[in-house]
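Me: Could you take me through the largest pocket of this model, and then through what lies around it? I would like a connected account, with a word on how far the prediction can be trusted.

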Amino acid sequence: MALLMIRSVSCALTQNFSRKCWLRSCGYSKTAAIIQIQTQDPQSYIEASDDETFKILANDMLVYDNFLTKEEEKSLITEIEPVVKRMRYEYEHWDDAIHGYRETERKKWNNENQLILKRVRECSFPVGTPQIDFTHILDLKKDGYIKPHVDAVRFCGRIIAGLCLLSPCVMRLVMVDDKTRYGDILLNQRALYVMKDRARYEFSHEVLEESKSIFKGNVVPRDRRISVMCRNEPDKDNRET
């Protein structure tokens, strides 16, 4: 028992050290935003087909539970709702990637929400990374889902950061060159996820429909879900293709 406790403490210290190093690489100093972000064991949100896939996703698919408070989530929804309620849910997407959705982009937010998104960007993108000014809002119905796809490199760069509002879901990442290798990612309500590098380019991603919304044998109840996503600019070479 003592040995297990020592190993658990050692593991926690290693993860915390790695997290602090990553924050420093993003240009973070000691602020309230850092204190709010909790170090999370990848075992708690990744279920992978094999150890090597787990290692890739633990490094390049980061999830932070309770990134938002309930009040912050409500603030974002209050600003988003009047915009999306004027739109109809769609069942055909231009690249056939989404079923049962409505989406829009937003550049200007009220002061409170601007500060929330500033915190997202500071946490997710290294200092000096050119970012897309517009925030992508995707409203998915309770019975909606996102099919497997890889976001086009000409539209956004190596990092995608998303806030999960209203409902949890399971996101599945499948290696493009070997479909037997995959990882299921638990995205809880009010979490922030950061998909980058190999998870961004070498894996397709999808949001599982309600009937398949299962993580480690447990049903993850799906409801209407809104994601608010920030992206960095595509590489110049990709933008021109």
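Reply: Happy to! To sort a pocket lining by class, Ala, Val, Leu, Ile, Met, Phe, Trp, Tyr, Cys and Pro count as nonpolar, Asp, Glu, Lys and Arg as charged, and the others, Gly among them, as polar. On that basis, the lining of the largest pocket holds 17 nonpolar, six polar and seven charged residues. Please keep in mind that this is a predicted model.

The pocket itself has a volume of about 600 Å³. It is lined by 30 residues, and those closest to its centre are Glu-103, His-136, His-149, Asp-151 and Arg-231. Several strands each supply at least two lining residues: strand 3 (98-106), strand 4 (135-149), strand 8 (192-196), strand 9 (203-207) and strand 12 (225-231). The protein as a whole has seven helices and twelve strands.

Next, the nonpolar core. The largest one has 59 residues, and the members that touch the most others are Met-61, Leu-163, Leu-165, Ile-185, Leu-192 and Tyr-193. Strand 5 (residues 159-165) gives the most to this core, with six residues. Tyr-193 is a good place to zoom in: leaving aside residues up to four places away in sequence, its contacts include Met-61, Leu-62 and Val-63, then Ile-160, Ala-161, Gly-162 and Cys-164, and also Arg-225 and Met-229. Across the protein, 80% of the contacts with a separation of 6 or more join residues 24 or more positions apart. Buried residues make up 46% of the 241 residues.

Two backbone angles may catch your eye as well. Most residues other than glycine have a negative phi. Asp-197, however, has a positive phi near 50°, and its place is in helix 6 (residues 197-201). Lys-216 also has a positive phi near 50°; this residue lies in the loop between strand 10 (214-215) and strand 11 (218-219). Asp-197 has a relative accessible area of 23%, so it counts as partly exposed. Lys-216 is partly exposed too, because its relative accessibility is 38%, and the range for that class runs from 20% to 50%.

Finally, the confidence you asked about. The mean pLDDT of the protein is 84, and 80% of the residues reach 70 or more. Residues 1-35 are another matter: pLDDT stays under 50 there, and the model has 30 contacts beyond four places in sequence for this stretch.

Conventions: Residues numbered from 1 in each chain as written. Predicted model: local features only at pLDDT ≥ 70, side-chain atom pairs only at ≥ 80, totals over all residues. Heavy atoms only, no water. 1 Å grid on protein atoms, 1.4 Å probe; cavity = no way out; pocket = protein on both sides within 12 Å on 5 of 7 lines; lining within 4 Å. Points joined across faces, edges and corners; volume = space filled by probe spheres on them. Helix = DSSP H or I, 4+ residues; strand = E, 2+ residues; numbered from the N terminus. pLDDT = per-residue confidence, 0-100. Contact = heavy atoms within 4.5 Å. Core = buried A, V, L, I, M, F, W, Y, C linked by side-chain atoms within 4.5 Å. Buried < 20%, exposed > 50% of the residue type's maximum accessible area, 1.4 Å probe, protein only.
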